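Trainee: Could you take me through one part of this protein up close? I would like to begin with the surface and then move to the annotated positions.

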Amino acid sequence: MGVWCRVKNLLFGVAIGRTVIDTFGSVARVDGISMQPTFNPNTTVDFVFLSYIPVRFDSIKRGDIIVAISPRNPKETIIKRVIGVEGDVVLSKKKNNTSKIRNFIPRGYYWIEGDHKGHSYDSTSFGPISKGLVIAKVSVIIWPPSRWQLLQSQVHK
């Protein structure tokens, strides 16, 4: 087999691999404590599979865990749970406040919160986020092997 044939096979393989990753999903590391206990319990660091298909087909629902571009810094991503979808009214407490606020979620927006209440930069700080900021749905914890699990859509109280 000649060098040219090997180069063609390598380029073909890279193109196919890139297409699969861009279409179906990729793997990401979860940093921080804002989603404890779902992710990173104790001192473990979780790696998750990010599925792009639910975002493309607009099938994100209440309780799903998503990755989105941070409204504070567009160079960063955040991982949060969808608490409210368009048309919902979500009751929330502002940080360091006991009064509840009714938040109407407009069309094309989600209300997202971290599972570790009080330790999360989320919609309680910046309000609903545009669907356009959502990158992927987190569907599986894939590493470490002892933590492997499919993630269910659920809203924590």
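Mentor: Happily! In this predicted model, Val3, Trp4, Val7 and Leu11 together make a nonpolar surface patch of about 450 Å². Take Leu11 as your handhold there: this residue belongs to helix α1, which covers residues 3-24. Leu11 has a relative accessibility of 54%, so it counts as exposed, the cut-off being over 50%.

Now to the positions you asked about. The UniProt record, an unreviewed entry, lists Ser34 and Lys80 under "active site". These positions are spread over 47 residues of sequence, yet they cluster in space, with a largest C-alpha distance of 8.0 Å.

Ser34 sits in the loop between β1 (25-29) and β2 (47-51). Its relative accessibility is 13%, and it therefore counts as buried, which requires a value under 20%. Leaving out residues up to four places away in sequence, Ser34 touches Ile79, Lys80, Gly114, Asp115, His116, His119 and Ser120. So the other listed position, Lys80, is among the residues that Ser34 touches.

Lys80 itself is part of strand β4, residues 77-84. With 4% relative accessibility, Lys80 counts as buried too. Among the residues it touches, again without those up to four places away in sequence, are Ser34, Met35, Asp64, Ile65 and Ile66. Its contacts also include Ile112, Glu113, Gly114, Ser120, Tyr121 and Asp122. If you compare the two lists, Gly114 and Ser120 appear in both.

Follow the chain on to Ser123, in helix α3 (residues 123-126). Here the relative accessible area is 0%, so Ser123 is buried. Setting aside neighbours within four places in sequence, Ser123 is in contact with Tyr110, Trp111, Ile112, Pro128 and Ile129. Ile112 is a contact of Lys80 and of Ser123.

Some backbone details are worth a look as well. Most residues other than glycine have a negative phi, and most peptide bonds are trans. Asn40, although not a glycine, has a positive phi of about 55 degrees. Asn40 lies in the loop between β1 and β2, where Ser34 is also found. Asn40 is buried, because its relative accessible area is 5%. Asp58 is not a glycine either, and its phi is positive at about 50 degrees. You will find Asp58 in the loop between α2 (53-56) and β3 (65-69), and its relative accessible area of 47% makes it partly exposed.

Finally, the peptide bond from Trp143 to Pro144 is cis, with omega near 0 degrees. Pro144 is placed in the loop between β9 (134-143) and β10 (149-150).

Methods:
Residues are numbered from 1 along each chain as its sequence is written. This is a predicted model: local features need pLDDT of at least 70, side-chain atom pairs count only at pLDDT 80 or more; totals for chains, interfaces and linings use all residues. Side-chain values use heavy atoms; hydrogens and water are left out. Patches are made of residues with over 30% relative accessible area and no salt bridge: like charges are joined within 9 Å, nonpolar side chains (Val, Leu, Ile, Met, Phe, Trp, Tyr) within 5 Å. Accessible areas come from the Shrake-Rupley method with a 1.4 Å probe; for residues, only the protein chains shown count as cover. A salt bridge is a side-chain nitrogen of Lys or Arg within 4 Å of a carboxyl oxygen of Asp or Glu. Helices (H or I, at least four residues) and strands (E, at least two) are DSSP runs, numbered from the N terminus. Buried means under 20% relative accessible area, exposed over 50%, partly exposed in between (1.4 Å probe, protein chains only). Contact means heavy atoms within 4.5 Å. UniProt positions are given in the numbering used here, feature names are shortened, and annotations may be inferred rather than shown by experiment.
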